[in-house]
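Let's take a walk through this protein together. Keep the picture open beside you and follow along.

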Amino acid sequence: MSITRQRIAAVIGAAGITAALMTGTAPAQAQPTAQALSADCRKAVQSAAARGEHTVTCTQATGTPTATSTAKSAAVGLTCRAGYLTYDRHKACSVSSLRFDIIEVPSGKLLGTMNIRVTQRTSLAARDSRTWKHTIGLYPTSASGAARGVIASLKLNCGKSAKTKCMVTSAPGAKGLSVKKETSFPFALKSPGSKTLKHKETPVVTLKAAVGSPAAGSLAQAATVRCDSVKGITTKAGGCVHPGYVPAFAMSRTDKNVKEAAQHVWDAQRKLKGHPGLPGVGKPLHRTTDKTLIKKNRGKACPSSLPRPTGKSCDEYPFASTKEGGATGIFSRRMINEKHNSTAGGSKYLLKAYKDNRILNGDAFWVAIS
C-alpha cells in the first residue's frame with residue numbers, strides 16, 4: 001500500500017534540474033497508538049480485521065521528489081541531497097524517504113517501524129549505447145520492534161507498451177537491510193530498436209518482515225530518458241540522454257582557436273533583441289537539421305554578395321543550424337578570422353556539442369561564452 005503526501009516547488013539551478021520537496025517537518029518516530037497511522041493505513045487495518053488477520057504492513061513515501069522545469073545554464077556538477085531530483089544531460093540523482101510500518105490488528109498499534117533513505121542514481125551512455133544503469137540504494141536510518149531484519153526486493157516498471165517500453169536486462173535479487181548501512185540494487189536497462197523513444201522508470205519496492213505480509217510501494221520516478229539512433233549524431237548503436245535538461249555549447253574568448261568567433265557571439269547575445277541563447281537572460285536556441293532552412297539562414301545573414309576580406313569569412317549568430325537563425329530577420333554578422341569561424345562550427349566545437357549531448361532536430365540548447 002503506497003501513501004504519498006507531497007507539495008512540490010520547482011527550483012532552477014546551474015547544477016542541473018532540481019525540484020524541492022516542501023513537506024515541512026520529517027515524520028515522527030513510530031508511536032504505539034492508532035493516531036500515528038495515516039488514513040490509508042487505518043483502512044488497511046480495518047480490511048485486515050475483516051479478513052481475520054492479526055497484523056498488517058504498509059509503506060509510506062515520506063519524500064517523493066520530481067522535476068518539471070528545464071535548467072537555464074550548463075551543469076557544473078550534480079548535487080545529490082534529500083528531497084531533490086537533480087539531473088543533467090547524462091546523469092541523475094534523487095534522494096527520497098520511505099517508511100515501513102507493521103501494525104497490530106485490530107488495535108492499530110505499531111509493532112515496528114523502519115525509516116529508509118532511498119537514493120537513486122542514473123548514468124547514461126550518450127555516445128555509444130542505448131543501454132544505461134539505474135542503481136537504487138536503501139539506507140535504513142532507524143528500525144524498531146518487528147521491523148528489524150527486513151528483506152527488500154525491487155523491480156523497475158518502464159512503460160506499458162511492448163514496443164516502446166525499456167527492458168531490464170539485469171536486475172538484483174532480494175537483499176536483507178541493516179540499519180545505518182546502504183544496500184545497493186543495481187539495474188541495467190535497454191531501449192529497444194532504433195526509433196527515438198522516451199522512457200520513465202518507476203521503481204517498486206517490496207518489504208517483508210518476520211511478521212505480517214509483504215508490503216509494496218512505488219518509489220520516486222526517475223528523470224525521463226530519451227534514446228535514439230539518429231544518423232549523424234554518433235555510432236549506429238545510438239545513445240540516451242535526459243531530454244528535459246537544456247545543455248550548453250561553450251566557447252571562450254581567450255581560446256586561440258576560436259576567440260574571434262566567441263567574441264562575436266558574446267557581443268551579439270548582448271546586442272540582439274531577446275538575447276538569443278544567453279543563459280539565464282534570453283531564450284535557448286533550437287537546432288534545425290532542415291537543409292532548406294539552414295540555407296535560408298545563411299543566405300539572409302551572410303549572402304555571397306558580401307565581400308570577404310582576405311583571411312576572413314562571414315560569421316552569423318544565431319547559428320545557421322538553428323531555428324532562430326538569419327531567416328528570422330534577427331541576427332548579427334561579422335567578418336572574422338576564417339579559421340576561427342570554421343573551427344567554431346566544426347567537429348571539435350559546435351558539432352561536438354551536438355553529438356555529445358545528442359541535440360536532435362528541435363532540441364533546445366544554450367550558448368555559454370566565457
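## A small space, a sheet and some rings

Split by type, the lining of the largest cavity has five nonpolar residues, three polar ones and no charged ones. Here Ala, Val, Leu, Ile, Met, Phe, Trp, Tyr, Cys and Pro count as nonpolar, Asp, Glu, Lys and Arg as charged, and the others, Gly among them, as polar. Before going on: this is a predicted model, where local features need pLDDT of at least 70 and side-chain atom pairs count only at pLDDT 80 or more, while totals for chains, interfaces and linings use all residues. Residues are numbered from 1 along each chain as its sequence is written, and side-chain values use heavy atoms, with hydrogens and water left out.

Back to that cavity, which holds about 40 Å³ of space. A cavity is a set of points, on a 1 Å grid over the protein atoms alone, where a 1.4 Å probe fits but cannot get out; lining residues have an atom within 4 Å of a point. Its volume is the space filled by probe spheres set on the points, which are joined across faces, edges and corners. Among the lining residues are Leu85, Cys93 and Thr122. Strand β6 (91–104) and strand β7 (110–124) each supply at least two residues, and β6 gives the most, with three. Strands (E, at least two residues) and helices (H or I, at least four) are DSSP runs, numbered from the N terminus.

Next, find the open sheet of four antiparallel strands, in the order β11-β9-β14-β15. β11 (175–176) and β15 (215–218) stand at the edges with a single partner strand each, so one side of each has no neighbour in the sheet. Two strands pair if DSSP finds at least two bridges between them; β14 (residues 202–208) and β15 have four. Leu207, for instance, has Ala215 in β15 as its bridge partner.

Now for some rings. Phe249 and Phe319 form an edge-to-face pair, 6.0 Å centre to centre with 65 degrees between the planes. (Rings of Phe, Tyr and Trp, its six-membered ring, pair if their centres lie within 6.5 Å; planes under 30 degrees apart are stacked, over 60 edge-to-face, and the rest tilted.) Phe249 lies in strand β18 and Phe319 in the loop between β20 and β21 (332–337), so the pair ties together parts 70 residues apart in sequence. Tyr317 and Phe319 are also edge-to-face, at 5.3 Å and 90 degrees. Phe249, Tyr317 and Phe319 thus make up one aromatic cluster.

Definitions and conventions. 1 Å grid on protein atoms, 1.4 Å probe; cavity = no way out; pocket = protein on both sides within 12 Å on 5 of 7 lines; lining within 4 Å.
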